[in-house]
Amino acid sequence: MSESTDYLIVGAGIIGLALAKELKARCPKAKIAVVEKEGDVGQHASGRNSGVLHSGIFYGEDSVKVKVCSSGAKEWAAYCQENHLPITKAGKVILPTQKGDEERIEVLYDRGKKHGIAIEILDNQSLKKVEPEAYSISGKALYLPEVSIVEPIQVVKYLSQSLEKQGVQILRNHPFEGVSENGQSVRVAGKTFSYGHLFNAAGLHADRVAHAFDVGKDYTMLPFKGIYYEVNPSAGLKVNGLIYAAPDPRVPFLGIHYSKKMSGEIYLGPTVVPAFGRENYHGLSGLNVIESVKIMGELFTLYLKNHQGFRMFVHREGFRMLKPYFYDAARKLTPALKLQHLLPSHKVGIRAQLLDWKKKLLVMDFLVEQGEKSTHILNAVSPAFTSAFPFARLVLDQVGISGA
C-alpha cells in the first residue's frame, strides 16, 4: 500500500503539531500528514512537561532558544485564551541559594529587561508577600509575574483535534520504519509514503530517523530521567507559584524547583539522572541491552572528559536520587519544608538530550539539520513546548516554505 502527501511530519508531539499548524496556515491547500508511533499524541515530553510557559531569561544571548521562547509564551497565552483552554498566571521567583548567585541574579535581570520581559528585583519583605516560604541568602530575588502555566496534554490534544478538523491527517499507531532504497519515500506501519518534504520531529527518536536519511551522524540521543516528589497537601506550605534556584552556570541543567499544577498539586524536582533507555520511565521498562550499554559507555566518556562540569553534575545529581539529599537541595528554597512532606510521585519525564559524540558535548540549543527533501529537528528540549509556534515558523523559513 502506498500513499502520497505534500508534507509528511514524523512525530505528533508539540513540535510536530506546531509545524503542521504553520504549514496549514502557509499552504492551506497542501496535503499534510503527521505519523505518530504511539496510540495518541503527546505521550512523551510534550504531555509530561511541567506546563510552565517559560520567559527565556535562562538562555544565552546568541541562542535560538532566547529568540523564540519569550514570544512563544505570549503566543501560547493568546492561543489558550482564544480557544478557552485553561491557563493561569503563576509567577516565577528565582532565588540565590549559594555564594556567587547574587551576580547571576543581576545578569538575569539585565537580560530580562533587554528582551522586554516583565521582571522585578524583590527585597526580602516583598519576596515574603509573593512567596511566604521562599528564602534568599542575599535578601534579594527575581520575580517574573507574567509567567503562566497550562495543562500540557490538554493543550496538545486540543491542537491535534483542531488540525484534524482542518484536514490534517494525524495517523496514530504509525511508527517510522525506514527510508526506501531510492530515498524518495519512507516506510511507516507497513505502508509506503512519498512526499514533497519530510519533517522529522520524532523527539527521543529524532537521531534514529535522521540517521536513516544519512543526516546528523555526529549526534546521538543521551536520555536523562527527571523524577519528582509531590509535596504533601497537609504540610501547610504556602506555595503560590513557581520557585527556582538561580541556575548554576557550571552545569547544563536548571536543578530542583517547585512547580504547581493548575489543580493545585505542588511538585518538587526534577532530578536529572541517566535513563538507560529512551523510554525507560519506570523500572526495567523501555530497556534494550545494546542501547543501555552504549549509553553507559557515553556517560563514562563524558565523566572522564569532564566538559560542561559533567563530573560535578554527576556527583550532585547522583546523590539526589536518595531522598535525604534531594531534600537538602529542596529546603534551600523553602526552609520550612520537612523530609516527611515529600511524597512519592508518579510524575516522571525523559529529556531527549542530544550529544555531539565527536566533541563529547551535550547540545544545549535547538538544532536543526537539512537533508534532501527532509528537515531534521535533532534537539528540541526545554523550552520547546513554550517556543513551539515561533520555532515552527523559524524551521519553515529555513526550508523556504513561505506559502501560496
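Visitor: Where does Glu 291 lie in this predicted model?

Guide: Glu 291 lies in helix H8.

Visitor: Is Glu 291 buried or exposed?

Guide: The way to read this is by relative accessible area, where buried means under 20%. Glu 291 has a value of 11%, so this residue counts as buried.

Visitor: Which residues does Glu 291 touch, if I skip those up to four places away in sequence?

Guide: Glu 291 touches Arg 208, Gly 277 and Arg 278.

Visitor: Helix H8 has another glutamate I would like to follow, Glu 298. Which side chain meets Glu 298 in a salt bridge?

Guide: Here is the general idea: side chains of opposite charge can pair when their charged atoms come close. In this case the partner of Glu 298 is Lys 360, at 3.1 Å from N to O. Glu 298 belongs to helix H8 (residues 289–305), while Lys 360 sits in the loop between strand E20 (354–356) and strand E21 (361–362), so the salt bridge ties together parts that are 62 residues apart in sequence. Both Glu 298 and Lys 360 are buried.

Visitor: How many salt bridges are there?

Guide: The count comes to 20. One of them joins Lys 191 to Glu 3, with the closest N and O atoms 3.7 Å apart. That pair links distant parts of the chain, since Lys 191 is in strand E12 (residues 191–200) and Glu 3 is in strand E1 (residues 2–10), 188 residues apart.

Visitor: Why is Lys 191 counted as buried, and why is Glu 3 counted as partly exposed?

Guide: The cut-off for buried is under 20% relative accessible area. Lys 191 counts as buried because its relative accessibility is 18%. Glu 3 has 21%, so Glu 3 counts as partly exposed.

Visitor: Which residues are linked in a network of salt bridges?

Guide: Asp 40, Lys 157, Glu 164 and Arg 172 are linked in this way. Let us look at one pair from that network: Asp 40 forms a salt bridge with Lys 157, and their closest N and O atoms are 3.5 Å apart. The two residues are 117 residues apart, with Asp 40 in the loop between strand E2 (32–35) and helix H2 (45–48) and Lys 157 in helix H6 (residues 152–165). Asp 40 is partly exposed, at 24% relative accessible area, and Lys 157 is partly exposed too, at 32%.

Visitor: Let us turn to strands. Which residues are on each side of strand E5?

Guide: In a regular strand the side chains alternate between the two faces of the sheet. For E5 (residues 92–95), Lys 92 and Ile 94 are on one side, with Val 93 and Leu 95 on the other. All four are buried, and both faces of the strand are covered.

Visitor: What joins E5 to strand E7, and in which sense do they run, parallel or antiparallel?

Guide: Three bridges join E5 to E7 (residues 140–144), and these two strands run antiparallel. Lys 92 has Leu 144 as its bridge partner in E7. E5 also pairs with strand E15 (residues 242–245), this time in the parallel sense, over four bridges. In E15, Lys 92 has Leu 242 as its bridge partner.

Visitor: One last residue: where is His 341, and what is in contact with His 341 beyond its neighbours within four places in sequence?

Guide: His 341 is in the loop between helix H10 (323–330) and strand E19 (342–351). With a relative accessible area of 12%, His 341 is buried. Its contacts beyond those neighbours are Glu 230, Val 231, Asn 232, Ala 235, Leu 237 and Ala 336.

Key: Residues numbered from 1 in each chain as written. Predicted model: local features only at pLDDT ≥ 70, side-chain atom pairs only at ≥ 80, totals over all residues. Heavy atoms only, no water. Buried < 20%, exposed > 50% of the residue type's maximum accessible area, 1.4 Å probe, protein only. Pairing = 2+ DSSP bridges. Salt bridge = Lys/Arg side-chain N within 4 Å of Asp/Glu carboxyl O. Contact = heavy atoms within 4.5 Å.
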